[in-house]
Amino acid sequence: MEQIYHVGNCPVCRSYGRMEIIYNFPSGKCSVICEECELEFDTVSDYINNRNGHRIFLKSGEKAIARTAFPKEIKNSEWYGLVTEKF
Ligand SMILES: [Zn+2]
């Protein structure tokens, strides 16, 4: 089973929604998205300051443009220091 890594809780959902690290195409960058409300932050700074949060809505027929990030990708990203579960 695929391991999902989190960096903490959602600033909107608080204790209900954890922020999951995802890997985006085609940028190749990791971001975090709330597993409850799908609020997404592109950078650590935005997440910490609860700034520039946004949501992605796919149009009918569009494919997902992100997937769960792999440990190697997280290690190479600025999110690594915030991960709450060990690799
Ligand atoms: Zn949320």
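A residue is called buried here if 20 or more other C-beta atoms lie within 10 Å of its own, and exposed if 12 or fewer do. With that cut-off in hand, strand 3 is a good place to begin. On one side of strand 3 sit C30, V32 and C34, on the other S31 and I33, and all of these residues are buried, so both faces are covered. Because five of the five residues of strand 3 (residues 30–34) are buried, the strand is largely enclosed by the rest of the structure.

The structure shown above is a predicted model, and a word on confidence is useful before going further. The mean pLDDT of the protein is 91, and 94% of its residues reach 70 or more. Among the elements, helix 1 has the highest confidence, at 97, while strand 5 has the lowest, at a mean of 92.

How does strand 3 fit among its partners? On one hand, strand 3 is joined to strand 2 (residues 14–24) by five bridges, and the two strands run antiparallel. One pairing to look for in the picture is that of I21 with V32, its bridge partner in strand 3. On the other hand, two bridges join strand 3 to strand 4 (residues 40–41), again in an antiparallel arrangement. Here the bridge partner of I33 is E40 in strand 4. Strand 2 also pairs with strand 1 (residues 6–10), through three bridges and with the strands antiparallel. In that pairing, N9 has R18 of strand 2 as its bridge partner.

The turns that link these strands can be followed next. Strand 1 and strand 2 form a hairpin with three residues between them. The hairpin of strand 2 and strand 3 has five residues between its strands, and within this hairpin G28 takes a positive phi near 75°. The hairpin of strand 3 and strand 4 also has five residues between the strands, and there E38 takes a positive phi near 65°.

The buried strand 3 leads naturally to the nonpolar core. The largest nonpolar core holds 14 residues, of which M19, I21 and V32 touch the most other members. Strand 1, strand 2 and strand 3 are the elements that give two or more residues to this core. Strand 3 gives the most, with four residues. V32 deserves a closer look: leaving aside its neighbours within four places in sequence, V32 is in contact with V7, M19, E20, I21, E40, F41, Y47 and W79. Its bridge partner I21 is thus found again in this list of contacts.

Some backbone details are worth searching for in the model. Most residues other than glycine have a negative phi, and most peptide bonds are trans. Which peptide bond is cis, with omega near -5°? The bond in question runs from F25 to P26, and P26 lies in the loop between strand 2 and strand 3. Two asparagines are also of interest. N50 is not a glycine, yet it has a positive phi of about 50°. N52, likewise not a glycine, has a positive phi of about 60°. N50 is placed in the loop between helix 1 and strand 5, and N52 is found in that loop as well. Is N50 buried or exposed? N50 counts as exposed because it has 12 C-beta neighbours inside 10 Å. N52 is exposed too, since 12 other C-beta atoms lie within 10 Å.

The loop between helix 1 (44–48) and strand 5 (66–68) also holds I65. Although isoleucines appear in the core described above, including I21, I65 counts as exposed, with 12 C-beta neighbours inside 10 Å. Which residues does I65 touch, not counting those up to four places away in sequence? They are N24 and F25. I65 and F25 are 40 residues apart in sequence, but their C-alpha atoms are 5.3 Å apart in space.

A contrasting pair involves P71, which is found in helix 2 (residues 71–75). P71 and C37 are 34 residues apart along the chain, and their C-alpha atoms are separated by 24 Å. Why does P71 count as partly exposed? P71 has 14 C-beta neighbours inside 10 Å, a number that lies between the cut-offs of 12 or fewer for exposed and 20 or more for buried.

Terms used:
Residues numbered from 1 in each chain as written. Predicted model: local features only at pLDDT ≥ 70, side-chain atom pairs only at ≥ 80, totals over all residues. Contact = placed C-beta atoms within 7 Å. Pairing = 2+ DSSP bridges. pLDDT = per-residue confidence, 0-100. Core = buried A, V, L, I, M, F, W, Y, C linked by C-beta atoms within 7 Å.
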